[in-house]
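The following exercises are to be worked with the sequence and the three-dimensional model at hand. Each task is followed by a solution in steps.

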Amino acid sequence: MLIKRPQDIPSSEITDQAVYQNRRHFMQSLAGISLLPLLGTAQAGYGNKPLQHQKSKIYRLDEELTTHQDITHYNNFYEFGTDKYSPAKSAQQLTTDPWSITVAGAVEKPGTYTLEDILQPHVLEERIYRLRCVEGWSMVIPWIGFPLADLIKRFNPTSKAKFVEFTTLVRKEEMPGTRRGTLNWPYKEGLRIDEAMNPLTLMAVGLYGETMPKQNGAPIRLVVPWKYGFKSIKSIVKINFVERQPVSSWEEAIPREYGFYSNVNPKVDHPRWSQKRERRIGEFLKRKTLMFNGYEEQVADLYKGMDLRKYY
Ligand SMILES: Nc1nc2c(c(=O)[nH]1)N[C@H]1C(S)=C(S)[C@@H](COP(=O)(O)O)O[C@H]1N2
Ligand SMILES: [Mo]
């Protein structure tokens with residue numbers, strides 16, 4: 001694991017106090033949220049720096065954590081290659097500072113916000129979630145982040161905001177996978193607005209106590225724990241509020257295999273393999289896959305009356 005020594009931290013990461021004060025005022029007027037004490041609020045930056053956070057009392061899966069080594073060396077991040085081991089190496093060249101996110105569509109406060117603006121009012125918390133990849137493996141990851149709902153509220157979505165569409169960065173020079181047509185870049189994902197507002201849905205900026213490793217989607221990514229891993233889009237540069245259901249990249253590529261919803265469901269098999277079981281990374285014997293990845297109690301209501309075979 002790489003540890004950043006203080007002398008390696010570029011001066012650009014040290015926020016000028018005046019700029020910082022201005023941002024605070026800016027965000028205050030933007031969001032209308034009273035400022036939280038600085039302790040425990042987010043910091044800007046990129047991988048391998050300690051991140052102040054609180055430990056969630058509610059969202060703490062009581063299962064053994066997957067090792068830091070496995071979480072950061074067994075990745076799906078096709079922008080850096082299609083095998084599991086490439087992102088750990090080739091994502092290190094990604095520039096994640098400066099970073100900004102464009103907020104567009106059906107909101108009262110569209111605009112381009114710096115990562116610092118995005119993070120400033122949020123208290124970060126550690127949440128231990130299961131991640132279930134559609135390919136049949138799973139991990140238990142101590143994410144650090146804040147609820148997407150809290151971010152969305154700051155932009156004042158209008159009544160036309162029925163879905164949220166997320167887009168990943170494309171930067172060919174730094175993302176070797178995007179020089180090939182594996183997917184139609186940029187990587188895109190989407191959620192229904194009520195799924196996005198569900199308290200489980202997390203904007204993650206770190207894991208294992210540190211800022212997000214690049215291969216895991218630095219500097220900011222989505223984590224939707226009851227859906228297959230590919231819905232948890234990495235390195236987000238755009239959040240678009242739309243009226244019509246957006247088309248996600250995997251759905252566009254292979255619609256018969258990857259639907260918009262992609263809720264973890266052991267009763268609905270992938271056309272080419274069963275989804276009844278999964279291999280926990282680091283374990284030998286397979287485990288049973290749980291309905292909604294074990295989050296049924298929290299999310300089943302979202303899909304009441306829906307045929308989950310049809311809306312896969
Ligand atoms: N932009 C982008 N996001 C992505 C992917 C990707 O290829 N590109 N892969 C997805 C898939 S298939 C999974 S399983 C998870 C893996 O996240 P992890 O590497 O942090 O475990 O990221 C998801 N997010
Ligand atoms: Mo995945």
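A polar contact is a pair of N or O atoms within 3.5 Å; within protein, one must be able to donate a hydrogen and the other to accept it, and residues adjacent in sequence count only if both atoms are side-chain atoms. The model is predicted, so local features need pLDDT of at least 70 and side-chain atom pairs pLDDT 80 or more, whereas totals for chains, interfaces and linings use all residues. Residues are numbered from 1 along each chain as its sequence is written, chains are lettered from A and ligands numbered from 1 in the order in which they are written, and side-chain values use heavy atoms, without hydrogens and water.

**Exercise 1. Describe the surroundings of ligand 1.**

Step 1. An oxygen atom of ligand 1 lies 2.7 Å from an N or O atom in the side chain of Lys234. Asn75 places a polar side-chain atom 2.9 Å from an oxygen atom of the ligand, and Thr168 places one 2.9 Å from a nitrogen atom.

Step 2. Taken alone, ligand 1 exposes 540 Å², of which the protein buries 98% (Shrake-Rupley method, 1.4 Å probe).

Step 3. Sixteen residues surround the ligand, and Asn75, Tyr78, Glu79, Arg221 and Lys234 come nearest (a residue is near if one of its heavy atoms lies within 4 Å).

**Exercise 2. Trace the open sheet and its edges.**

Step 1. The five strands follow the order E3-E2-E11-E6-E7, with mixed pairing. Strands are DSSP runs (E, at least two residues) and helices likewise (H or I, at least four), numbered from the N terminus; two strands pair if DSSP finds at least two bridges between them.

Step 2. E3 (111-114) and E7 (188-192) stand at the edges; each has a single partner strand, so one side of each lacks a neighbour in the sheet.

Step 3. At one edge, E2 and E3 run antiparallel, joined by four bridges, and form a hairpin with five residues between them. Val103 stands opposite Gly111 in E3.

Step 4. At the other edge, E6 (residues 163-168) pairs with E7 in the antiparallel sense over five bridges, and Val164 stands opposite Leu191 in E7.

**Exercise 3. Locate the backbone features in the loops.**

Step 1. Which residues does the cis peptide bond with omega of about 10° join? The partners are Asp97 and Pro98, and Pro98 belongs to the loop between helix H3 (86-90) and strand E2 (100-105).

Step 2. Another cis peptide bond, with omega of about -5°, joins Trp185 and Pro186. Pro186 is placed in the loop between E6 and E7.

Step 3. Asn156 is not a glycine, yet has a positive phi of about 50°. Asn156 is found in the loop between helix H5 (148-154) and E6.
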